[in-house]
Every structure is written in C-alpha cells, then in structure tokens.
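Here's a friendly walk through a protein you may not have met before. Have a look at the sequence and the model, and then we'll go from the overall outline down to a few details.

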Amino acid sequence: MAATNVPRVKLGSEGLEVSKQGLGCMGMSAFYGPPKPAPDMIKLIHHAVHSGVTFLDTSDVYGPYTNEILIGKALKEGIREKVQIATKFGITTKDGKMDIRGDPSYVRAACEASLKRLDVDCIDLYYAHRIDTRVPIEVTMGELKKLVEEGKIKYVGLSEASASTIRRAHAVHPLTAVQNEWSLWSRDLEQEIVPTCRELGIGIVPYSPLGRGFFSLGASLMENLAEGDFRKNFPRLQAENLENNKLIFEWVTEMAKRKDCSTSQLALAWVHHRGDDVCPIPGTTKIDNFNQNIGALSVKLTPEEMTELESYASTDVVKGDRHAFIASTWLNSETPPLSSWKAE
Ligand SMILES: NC(=O)c1ccc[n+]([C@@H]2O[C@H](COP(=O)([O-])OP(=O)(O)OC[C@H]3O[C@@H](n4cnc5c(N)ncnc54)[C@H](OP(=O)(O)O)[C@@H]3O)[C@@H](O)[C@H]2O)c1
C-alpha cells in the first residue's frame, strides 16, 4: 500500500469534502483505446480508495454509460460510504452529431439514468459537462436545485463554463466545483475562471492535469496509442507540433531529476501548488502509475521553482490547441437571458 498520506480538502461552501487528489476514471472505459478489463479496473478503484483517494470522476458520456456502470460495480463491495462520486451530464448526440443538452427534462432524465447505472441513491457531485447555449443557465440550474432538494444529488458543478455563466449559475444555487482543463500547458482558465471561482468560493477541479499523459511519457506517448485513441487527433500531439512540444517534456524531466521525483509527479505537484481549493483528478488505468501519482502530494515546490516550471510551458512555447473537438467552450458558453425562456 502506498505510504503517502492523502489530505482531505473542502470544495465550495456547501460542505463537500474530498481527497486532495481524485481519480479520473474516463480512460478505464473510453477515449483512450479499448475499454480495460473490468476486474482490473475495480481492483484499481478499490486500491485508490484504500489509499485515501476517494474522489472518483466519471460521466455518462464515458463509454457512453459503461464507465458509470463500472463504478457502480466497484461500489458494490462496501465502499459506497467512503467515496465521493462525481458524474456529469449534457454531452449527447443527435443525428450522428454532438448535441449539448441542459433543458430541464433532459437534466432530470440524465440524472435518473446515472443513478441507476451507478446503482446509488444519490450522486455526490453532479456537473453540467458542457453548457447548452440554447438554454438560460438559470433554467438548467433550477432543475439541478430541485434535484438537490429531492436528495438525488448533493452538490452541483459546471465544466467548461464561462466566468459569467458561473456567476449566473451560482446566483441560482451555490456551485461546489468548476471542472476545467488545467495543467502546465493548459492555463487559459487562470485569466477569468480561477479568479471568479475564488471570489465566489467555488472549488476548482483540474481535468487532464498530466496533459492527457504527455507529462508522463512525452513524445513517446504517441508511439503506443491503440486504434481509436482520441489523442491521435489532439493538435498538440500531432507530429508538426510534437516536434516542438517534446522539448517542454524534456525540460520538465530535467527539473524532475533535480527534484528527485518523476516528471508526472512534478507536473501534478505544480497543479497542487496552485491552491488548497484545487483538486486535480489525474486519470490512470494502472496501480503502479496511481501509486506514483499520489507521490506528487509529497513534492514541495518553492515560488521560484513554480516560475521555472511555468517558463518551460508558456503560451508562446506550446504549439497547438488543447482540444481536437468540443472547443474551449468556456470562452463561448454564454447562454440566453432567462426572460427569453418559454417553459417546456
Ligand atoms: N470535464 C471534461 O471535459 C473532462 C475532459 C477530459 C477528462 N476529464 C476527466 O479528467 C480525468 C483525467 O484526465 P485525462 O485522463 O484526460 O488526462 P491526464 O490525467 O492528464 O492523463 C491521463 C493519461 O496519463 C497516463 N498516466 C497517468 N499517470 C501516469 C504515470 N504515472 N506514468 C505514465 N503514464 C501515466 C494515463 O495512462 P495509464 O492509464 O497507462 O496510466 C493516461 O493515458 C479523466 O479521467 C476524466 O475523468 C474531464
């Protein structure tokens, strides 16, 4: 068992307490090659929980659905009370194209379906995965508030929302967390999202804190990707950008050697050092990698070391967008005014 003591932190002002580092479960079932064997993933989830990492991140779109079912199975063996389950709704398809939904009947149906798949009475943290720009955020939040009142969800979050959407949503019902990509090479949320969350007392959950594995393996990540791995399409990982970006990994690795830790640990430690209200959810499908990643909590960085790390991955150094599809919606997630909404 890993010896690292995993601290607990409070996210938001409504009472959610989680481990300072979570476990991203997406890659166990989706997007990063074929689904991994369920017994191995259940073993990994149990290992994480027994190691003190109790904040599990999933979504109905991972699979779709199979990742929630996997987590539901893992919870069967007496760990429900020990974990905080975060899941998400809103990314779906229509006529073969991606469709984002935040209308009340969809929100309710998605929640009921997630409860069934997870086989739990209540979801701890329920996020809108993306913002439906056809629906005033007040309307989406109104339904989420009802779900809280009915005891179906405990806490509410948004993923990839703009600062003004966060503000409007928070006025309807206090948000517990905002989930966005945040890592050494994805720092655009620092301009508006982070200050807004801090002003309003909302926790921040960085997704892809290892740059989708780039800060673990560098350019070699691309050598062994399975058929269908979405990262094959990620702009920053395309040959023309990777030639440049691989230097970032090399510089961070050099520094990790000096710090006597792994590159993954240093990259994760940087995210942890962004604040006590920051709870990254690195994804892994391997117990060894999980053990290494919780070691990041023991890596201490001085302000000078933070600055040094940041200089290796500044915006003028990084080549390529962070997303291949589902663009940076936090920049354009403005929803119509409440007055424009005609009730369903
Ligand atoms: N809200 C959103 O829109 C959104 C978007 C993306 C992701 N997410 C959530 O955030 C979670 C994490 O993001 P992510 O999985 O995209 O990216 P990530 O955490 O940055 O990186 C995960 C990748 O890094 C590898 N890895 C992890 N630790 C490693 C280590 N110590 N050594 C070598 N390789 C290592 C994993 O491979 P192995 O499996 O081989 O360890 C996996 O391929 C997801 O699971 C999901 O729950 C949310």
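What follows starts with the whole chain, then turns to one helix, a hairpin and the ligand.

First off, keep in mind that this is a predicted model. The protein's secondary structure adds up to 12 helices and 11 strands. Measure the C-alpha trace along its principal axes and you get a span of about 60 × 45 × 40 Å. How does the radius of gyration fit with a compact globule? For 344 residues such a globule would come out near 20 Å, and the protein has 19 Å, so the two agree. Buried residues make up 46% of the 344. As for contacts with a separation of 6 or more, 79% of them are between residues 24 or more positions apart.

Now zoom in on helix 9, which covers residues 239–259. Its 21 residues reach 30 Å from the first C-alpha to the last, close to the 30 Å expected at 1.5 Å a residue. Even so, helix 9 has a bend of about 30 degrees, and you'll find it at Asn-245. Asn-245 is also one of the buried residues of this helix, along with Leu-242, Ile-248, Phe-249, Val-252 and Ala-256. The spacing of such a list is easier to read with one rule in mind: an α-helix has 3.6 residues a turn, so residues three or four places apart point the same way. And what do the buried residues of helix 9 pack against? Their partners are helix 8 (214–217), helix 10 (263–272) and helix 12 (303–312). Just past the end of helix 9 comes Asp-260, with a positive phi of about 60 degrees.

Another Asp with a positive phi turns up in a hairpin: Asp-95, near 50 degrees. This hairpin is built from strand 6 and strand 7, with 2 residues between them. Strand 6 (residues 91–94) and strand 7 (residues 97–100) run antiparallel and are joined by 4 bridges. One pairing to look for is Ile-91 with Ile-100, its bridge partner in strand 7.

Last stop, the ligand. There are 29 residues around it, and those coming nearest are Gly-24, Leu-210, Gly-213, Ser-216 and Gly-283. Which helices supply at least two residues each to the shell? They are helix 1 (26–29), helix 8 and helix 11 (287–294). Helix 11 gives the most, with 3 residues. Helix 8 may ring a bell, as the buried residues of helix 9 pack against it.

Conventions: Residues numbered from 1 in each chain as written. Predicted model: local features only at pLDDT ≥ 70, side-chain atom pairs only at ≥ 80, totals over all residues. Expected span 1.5 Å × (residues − 1). Bend = angle between axes of the 7 residues up to and from the residue. Buried ≥ 20, exposed ≤ 12 C-beta atoms within 10 Å, placed from the backbone. Contact = placed C-beta atoms within 7 Å. Rg over C-alpha atoms; globule rule 2.2 N^0.38 Å. Pairing = 2+ DSSP bridges. Near = placed C-beta within 6 Å.
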